Amino acid sequence: MAHVLVVGSGIAGLFAALRCAEAKHQVSIITKSAPSDSSTNWAQGGIAGILDKTDDSGLESHIEDTISAGAGHCDPRVVRLVCEEAGERIADLLNIGVRFERDSLGKFDMAREGGHSSSRILHAKDATGAEIERALMQSVDESEYIEMFSNHLAVDLVLKDTKSSNKQVVGLWCLDGQSKMITIAADAVMIATGGAGQLYRQTTNPEISTADGVAMSLRAGAAIRDMEFVQFHPTALTMEGDRPFLLTEAIRGQGAVLMTVEEYQNWDGQEDPSNLSFTLRYSESGSLATRDIVARACDSELKLSGEQHVLLVTEHLGAEVANRFPMINSRLQRHGLSLGTDAIPVSPAAHYFVGGLRVDDDGMVQQESGSTMKGLYAIGEVACTGMHGANRLASNSLLEAVVYAHRASNHFIDHFSNNSGELPTWRGDEMADLEEHSTLVHDRIALQSTMSDDVGLVKSNNRLQRALRRIQLLRAEVERVWMRCRPSKELVELRNMVQVSEQICISSISRKENIGLHWNKDLI
């Protein structure tokens, strides 16, 4: 029996934990908040996939749509690998107990979202992530081989030999629920920490999304790729005094249309609103174009008009649209709005990080040399497999997460070796307590402002260089605090955020062409 340490409690981490537990390995899951505080739990749209392996045309269409959405930057071999495994992995989810929506005949109700040429997305109304999380957590709770540690914040990976060129991970340092630094030994660590939406002022991500997994792996010697590709979701609810709330692309798949405030005011309510949408000036697919195009279109129109939002128009769809998306409609009713009745104010918000830790086909994290780091896997949003290219196709993220969680678990089961030897203790027993936290709050706000204003949907050479200078100064200040003070949650997160922000700036400056989510107006 081996010990696997899973960092994160979203679909990737939980699925991998269950697979390792099935093989009777001991699994520890650590999550820095409650297990339900994951991006998976917030996912609305669904999971894309062709269930029938004999449906060659359907499979090829899914592959083509993925590569097209990724602006040709995808790894075609990886895209095929993931799409071909979709049926088996979705069957695994069904066996675990996930209840996807079915029609009156018992067939799966397949939805369509932007960038998809057909309806191929399984969903549980508009709370697919929550349903997947429910089923996985129930199985985790029932497993005698899995132990969950909530309110544990991963800080840094423990290497067997820090001076070796071939890195091997043998454990993890983390802050426990009492803010005490503890050392956890493991035969393998699976990083499944999700994304980094909190680098920006406006994000659809939960508060835990602070780039922890990428940052700690970078410090251990991991390679990264495609960090310049940050996906903004075009339709986040925009209400003063409330955080952005994702409005799934599936609403537009049902016929909702994006309009500017002026277009909506001039609409007579009778003509098909899709013929009037500003999105047609950016793509013939209109409101159903891929996320990169629609988000930039929204951003451009808002800059022209000075408005704070555009409108998602659903009145022409009738009351049925509210029944199809009950969770969203319930959230809207907090503000006196309803789908099918009111135009919904929306604007882009940071949503998904396409880049991340470079991994091989088994989810093993690679070094810059191309060799893998023994004992370290990355799965889910924290990893960059080559699947999404320069822009993720809607509802491909849950699919990629479960496919690579399965592959990483199988690789570990087939190739694990038990680590032995005493692990080093944390360096900081003699360090001082952090006395003043207000500076960390201000520094975090400053970082988010820099990233939002200068490294967002539309970039420029001058703004990127300015952002890099500011972030490097901020990182130097954070490191000075880090070296003399005992870590706190706020300090650990800010340290991670500035390090990853710096890498996003560097990657954005290095990219000399506009492609997918990377748009530098000086390259036009």
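Me: What volume does the second largest pocket have?

Reply: About 760 Å³ for the second largest pocket. A volume here is the space filled by probe spheres set on grid points, with points joined across faces, edges and corners. Keep in mind that this is a predicted model, where local features need pLDDT of at least 70, side-chain atom pairs count only at pLDDT 80 or more, and totals for chains, interfaces and linings use all residues. Residues are numbered from 1 along each chain as its sequence is written, and side-chain values use heavy atoms, leaving out hydrogens and water.

Me: How do you know which residues line the second largest pocket, and which lie nearest its centre?

Reply: On a 1 Å grid over the protein atoms alone, a pocket is an open set of points with protein on both sides within 12 Å along at least five of seven lines, a cavity is a set where a 1.4 Å probe fits but cannot get out, and lining residues have an atom within 4 Å of a point. For the second largest pocket 24 residues pass, with Arg201, Asp299, Lys303, Pro348 and Ser452 nearest the centre.

Me: Which element gives the most to that lining?

Reply: S15, with four residues. Helix H9 (291-305), strand S15 (344-353) and helix H13 (438-454) each supply at least two. Helices (H or I, at least four residues) and strands (E, at least two) are DSSP runs numbered from the N terminus.

Me: How does the lining of the second largest pocket divide by class?

Reply: Into eight nonpolar, eight polar and eight charged residues. Ala, Val, Leu, Ile, Met, Phe, Trp, Tyr, Cys and Pro count as nonpolar, Asp, Glu, Lys and Arg as charged, and the others, Gly among them, as polar.

Me: And how do the residues lining the largest cavity divide?

Reply: Seven are nonpolar, four polar and one charged. The lining includes Met227, Phe353 and Glu381. About 70 Å³ of space lies in this cavity, and the structure holds three cavities of 30 Å³ or more.

Me: How many disulfides does the count come to?

Reply: Zero. A disulfide is a pair of cysteine sulfur atoms within 2.5 Å. For Cys74, the nearest cysteine sulfur, that of Cys83, is 9.5 Å away, so the pair misses the cut-off. Cys384 fails too, so it is in no disulfide: its nearest cysteine sulfur, that of Cys74, is 9.9 Å away.

Me: Are Cys74 and Cys384 buried or exposed?

Reply: Buried means under 20% relative accessible area, exposed over 50%, partly exposed in between (1.4 Å probe, protein chains only). Cys74 has 7% and Cys384 has 3%, so both count as buried.

Me: Why is strand S2 described as largely enclosed?

Reply: Because four of the five residues of S2 (residues 26-30) are buried.

Me: What makes S1 and S2 a pair?

Reply: Two strands pair if DSSP finds at least two bridges between them. S1 (residues 3-7) and S2 have five, in the parallel sense, and Val4 is partnered with Val27. S2 also runs parallel to S5 (residues 146-149), with four bridges; there, Ile30 has Phe149 as its partner.

Me: Why are S10 and S19 at the edges of their sheet?

Reply: The open sheet has the order S10-S16-S19, with mixed pairing. S10 (224-225) and S19 (383-384) each have a single partner strand, so one side of each is left without a neighbour in the sheet. S10 joins S16 (residues 356-358) through two antiparallel bridges, and Arg225 stands opposite Gly356.
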